[in-house]
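Visitor: I'm new to this structure and would like a close look at one part of it. Could you pick one helix and walk me through how it sits with the rest?

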Amino acid sequence: MCSPYVAHKRPVVFCNCNRLMVYYWDAMSTITFSRARSEEQRAARTAVILEAADAMLREMRVAEITLNELSRRVGLAKSNVLRYFPSREAILLQLLDRETRAWLDDIERSAGDSLAESIAAAALARPVFCDLIASAAGVLERNVSGDVAADYKKASLASGERLARLAGFDGLES
């Protein structure tokens, strides 16, 4: 049974030596890591970095987030964070994709309402999404590699196609 203090924290799952370990983490905590050797450990580390960045976005705007502060919160050196993501912008673009998919899920769940009302309500309920999408072209799409930009653009295209389907368009013509 979790203490009340632990119950409000997000669980972070690690696979270590064939044992599943669950750590409870929040934005004010740091986790001490040893070197991630397996794909499961790398995936867990990536998830922790993304969760820390997500927690920071709930406290501050995109422009205020620094790689130094993110590294401190995660408990890794900045150079180690850069082993998982090539830049701060790459982390934020991945979060933008995740937020966009959640925003589209919200729109789908409210399918009975008008599409415009659903879009507006879903955006209003997701201030992190709004901050990220507003920063995408001017801030986030800079300082990223071609591969990161291409991955983001493909995800954006898929999200745009999903929104078009929600609006009743079966296919987009050139």
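Guide: Let's take helix α8, residues 146-166, in this predicted model. With 21 residues at 1.5 Å a residue, α8 should span 30 Å, and its end C-alpha atoms are indeed 30 Å apart, so expectation and model agree. Just past the end of α8 comes G168, which takes a positive phi of about 100 degrees.

Now look at which parts of α8 are covered up. The buried residues here are V148, Y152, A155, S159, R162 and A164. There's a handy rule for reading a list like that: an α-helix has 3.6 residues a turn, so residues three or four places apart point the same way. Keep that in mind as you follow the buried positions along the helix.

Start with V148, which belongs to α8. V148 counts as buried because its relative accessibility is 17%, and the cut-off for buried is under 20%. Setting aside neighbours within four places in sequence, V148 is in contact with P86, A90 and L93. You can also pick out F85 from here: V148 and F85 are 63 residues apart in sequence, yet their C-alpha atoms are 9.4 Å apart in space.

Further along α8, A155 and S159 share a partner. Once its neighbours within four places are left out, D97 is in contact with A155 and S159. D97 is found in helix α5, and it counts as buried because its relative accessibility is 18%.

That brings us to α5, so let's follow it for a moment. Another aspartate in α5 is D106, which is buried too, with a relative accessible area of 17%. Leaving aside neighbours within four places in sequence, D106 is in contact with A122 and R126.

Helix α5 also takes part in an aromatic pair, and the model has one such pair by the rule used here. W103 and F129 form it: they are stacked, 4.8 Å centre to centre, with 20 degrees between the planes. W103 sits in α5 (residues 88-109) and F129 in α7 (residues 127-140), so the pair links distant parts of the chain, 26 residues apart. W103 counts as buried because its relative accessibility is 10%, while F129 counts as buried at 5%.

Now widen the view to the largest nonpolar core, which has 34 residues. Helix α8 is among the elements that give two or more residues to this core, along with α2 (39-59), α3 (67-74), α4 (78-84), α5, α6 (115-124) and α7. The largest share, nine residues, comes from α5. Within the core, I49, L57, L70, I91, L95 and L132 touch the most other members. Take L57 as an example: apart from neighbours within four places in sequence, it is in contact with V62, I65, L92, L95, V128 and L132.

Finally, step back to the whole protein chain. It has eight helices and two strands, and along the sequence they follow the pattern α-β-β-α-α-α-α-α-α-α. Of its 174 residues, 41% count as buried. Among contacts with a separation of 6 or more, 59% are between residues 24 or more positions apart. The accessible surface of the chain comes to about 10,500 Å², and 54% of that belongs to carbon and sulfur atoms.

Notes. Residues numbered from 1 in each chain as written. Predicted model: local features only at pLDDT ≥ 70, side-chain atom pairs only at ≥ 80, totals over all residues. Heavy atoms only, no water. Phe/Tyr/Trp six-rings, centres within 6.5 Å; stacked < 30°, edge-to-face > 60°. Helix = DSSP H or I, 4+ residues; strand = E, 2+ residues; numbered from the N terminus. Buried < 20%, exposed > 50% of the residue type's maximum accessible area, 1.4 Å probe, protein only. Contact = heavy atoms within 4.5 Å. Areas by Shrake-Rupley, 256 points an atom, 1.4 Å probe, with all protein chains shown as cover. Expected span 1.5 Å × (residues − 1). Core = buried A, V, L, I, M, F, W, Y, C linked by side-chain atoms within 4.5 Å.
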